[in-house]
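Trainee: I would like to take a close look at a single part of this structure and follow its surroundings outward from there. Please go through it carefully and in a connected way.

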Amino acid sequence: QVQLVESGGGLVQAGGSLRLSCTASGTSFTFNIMGWYRQAPGKERELVAEMTTDKSIYSGDSVKGRFTISRDGAANTVDLQLNNLVPEDTAIYYCAAKLRRAATRHSQYWGQGTQVTVSL
């Protein structure tokens, strides 16, 4: 029943900005980790940024310094502010969430993705 729903994608020119939002539903638990991954055509899915409940952030090297993640744990939402976009950022951006079931066991959930396209 867990669902992650993304919004905010679209077409922007290089140098522009977008703000992606994700809302999780279907569970009363706060996800231990929420964040964003992306996948460009022909490439593997890669981490963009994710945040733990204690606000620790893990991000991919390609977006450090340009993207900002934020979350509301109580509401199970996570946003991604994308600034200074370049065409290489074009990808489907997926919301991701992890719920810890045991000390070394997590359940992984994915949204359906939202398209971000950056033009010159």
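Is Tyr37 buried or exposed, and what is its relative accessible area?

Mentor: The model before us is a predicted one, and what follows should be read with that in mind. Tyr37 is buried, because its relative accessible area is 15% and a residue counts as buried when that value is under 20%.

The ring of Tyr37 is a good place to begin. A search of the whole structure finds 2 aromatic pairs. In one of them, Phe31 and Tyr109 are arranged edge-to-face, with 5.9 Å from centre to centre and 70° between the planes. This pair links distant parts of the chain, since Phe31 belongs to the loop between S3 and S4 while Tyr109 belongs to strand S10 (residues 105–110), and the two are 78 residues apart. Phe31 counts as buried, because its relative accessibility is 0%. Tyr37 takes part in the pair with Trp110: the ring centres are 5.1 Å apart and the planes stand at 70°, so this pair is edge-to-face, given that planes over 60 degrees apart are classed in that way. Here too distant parts of the chain are linked, with Tyr37 in strand S4, Trp110 in strand S10, and their positions 73 residues apart. Trp110 itself counts as partly exposed, because its relative accessibility is 36%.

Trp110 also has a charged partner. The charged end of Arg45 sits over the ring of Trp110, 4.5 Å from the centre of that ring, and the charged end of Arg45 likewise sits over the ring of Tyr94, in that case 3.8 Å from the ring centre.

Two residues of strand S9 also touch Tyr37, and they can be taken in turn. The first to consider is Lys98, which is found in strand S9 (residues 91–102). Although Lys98 carries a charged side chain by name, what matters here is its accessibility: Lys98 counts as buried, because the value is 17%. Leaving aside neighbours within four places in sequence, Lys98 is in contact with Phe31, Asn32, Ile33, Tyr37, Glu50, His106, Ser107 and Gln108. That list includes Phe31 and Tyr37, of which Phe31 pairs with Tyr109 and Tyr37 pairs with Trp110.

The other residue is Tyr93, which also lies in strand S9. Tyr93 is buried, because its relative accessible area is 0%. Again leaving aside neighbours within four places in sequence, Tyr93 is in contact with Glu6, Leu20, Trp36, Tyr37, Arg38, Val48, Phe67, Leu80, Leu82, Gly113, Thr114 and Val116. Against this set of contacts one may place a separation: Tyr93 and Arg105 are 12 residues apart in sequence, yet their C-alpha atoms lie 25 Å apart in space.

From Tyr93 the picture widens to the nonpolar core. The largest such core has 28 residues, and those with the most contacts inside it are Met34, Trp36, Val48, Phe67, Leu80 and Tyr93. Strand S3 (18–25), strand S4 (33–39), strand S5 (46–52), strand S7 (67–72), strand S8 (77–82), S9 and strand S11 (114–119) each supply at least two residues of this core, and S9 gives the most, with 5 residues.

Some of these strands belong to a sheet that can be traced further. An open sheet is formed by 4 strands in the order S1-S3-S8-S7, with antiparallel pairing. Its edge strands are strand S1 (3–7) and S7, each of which pairs on one side only, and the twist averages 15° from one strand to the next. Within the sheet, S3 and S8 run antiparallel and are joined by 6 bridges, one detail being that Arg19 has Gln81 in S8 as its bridge partner. S1 and S3 pair in the antiparallel sense over 5 bridges, and the bridge partner of Ser7 in S3 is Ser21. The side chains alternate along S1, with Leu4 and Glu6 pointing to one face and buried, whereas Gln3, Val5 and Ser7 point to the other and are not buried. Glu6, on the buried face of S1, is also among the contacts of Tyr93, which brings us back to strand S9, where Tyr93 lies.

Definitions and conventions. Residues numbered from 1 in each chain as written. Predicted model: local features only at pLDDT ≥ 70, side-chain atom pairs only at ≥ 80, totals over all residues. Heavy atoms only, no water. Buried < 20%, exposed > 50% of the residue type's maximum accessible area, 1.4 Å probe, protein only. Contact = heavy atoms within 4.5 Å. Core = buried A, V, L, I, M, F, W, Y, C linked by side-chain atoms within 4.5 Å. Phe/Tyr/Trp six-rings, centres within 6.5 Å; stacked < 30°, edge-to-face > 60°. Lys NZ or Arg CZ within 6 Å of the ring centre and 35° of its normal. Pairing = 2+ DSSP bridges. Axes fitted to C-alpha atoms, helices over the stretch in contact; angles between N-to-C directions.
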